[in-house]
Amino acid sequence: MRNFPFIHILVLMITGIVLFILKKKYRHIRTVELILIYILVFVLVTIFTDTGIDLVKSFIAFIQVD
């Protein structure tokens, strides 16, 4: 993954721009809702990286009962 951090930062920037455009177009959308959407996208981008997947695997291994 040569372009590892740059692709994820680009996705987060594009998400921010899209949410900003939606806020301008639809005035009735609350800012809190857009912030929550951005946080959820951030969590998804974080989870689907190699580091995030390793963290989830170790957490699942930790909570498993044999």
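Is H28 buried or exposed? H28 is exposed, because its relative accessible area is 66% and the cut-off for exposed is over 50%. The model that gives this value is a predicted one, as are the positions described below.

H28 belongs to the loop that runs between α1, residues 4-25, and α2, residues 31-47. Its C-alpha atom is 45 Å from that of Q64. Along the chain, H28 and Q64 are 36 residues apart.

How confident is the predictor in the chain? The average pLDDT is 87, and 92% of the residues reach a score of at least 70. Confidence varies between the elements. Helix α2 has the highest value, with a mean of 92, while helix α3, which covers residues 50-63, has the lowest, with a mean of 84.

Helix α1 can be followed through one of its residues, T15. T15 has a relative accessibility of 16%, and it therefore counts as buried, since buried means under 20%. A polar atom in the side chain of T15 lies 2.8 Å from the backbone oxygen of V11. Leaving aside residues up to four places away in sequence, T15 touches Y38 and V41. Y38 and V41 have numbers that fall within α2, residues 31-47, so the contacts of T15 link helix α1 to helix α2.

The next stop is a pair of charged side chains. Side chains of opposite charge can pair when their charged atoms come close. The structure holds 1 salt bridge, and R30 forms it with E33. The closest N and O atoms of R30 and E33 are 3.4 Å apart. The two partners differ in accessibility class: R30 is exposed because its relative accessible area is 55%, whereas E33, at 33%, counts as partly exposed. The value for E33 falls between the two cut-offs, under 20% for buried and over 50% for exposed.

The last residue on this route is T51, which lies in helix α3. T51 has a relative accessibility of 56%, so it counts as exposed. The C-alpha atom of T51 is separated by 38 Å from that of R27, and the two residues are 24 places apart along the chain.

Taken by residue, H28 in the loop is exposed, T15 in helix α1 is buried, and T51 in helix α3 is exposed.

Terms used:
Residues are numbered from 1 along each chain as its sequence is written. This is a predicted model: local features need pLDDT of at least 70, side-chain atom pairs count only at pLDDT 80 or more; totals for chains, interfaces and linings use all residues. Side-chain values use heavy atoms; hydrogens and water are left out. Helices (H or I, at least four residues) and strands (E, at least two) are DSSP runs, numbered from the N terminus. Buried means under 20% relative accessible area, exposed over 50%, partly exposed in between (1.4 Å probe, protein chains only). pLDDT is the predictor's confidence in each residue, from 0 to 100. A polar contact is a pair of N or O atoms within 3.5 Å; within protein, one must be able to donate a hydrogen and the other to accept it, and residues adjacent in sequence count only if both atoms are side-chain atoms. Contact means heavy atoms within 4.5 Å. A salt bridge is a side-chain nitrogen of Lys or Arg within 4 Å of a carboxyl oxygen of Asp or Glu.
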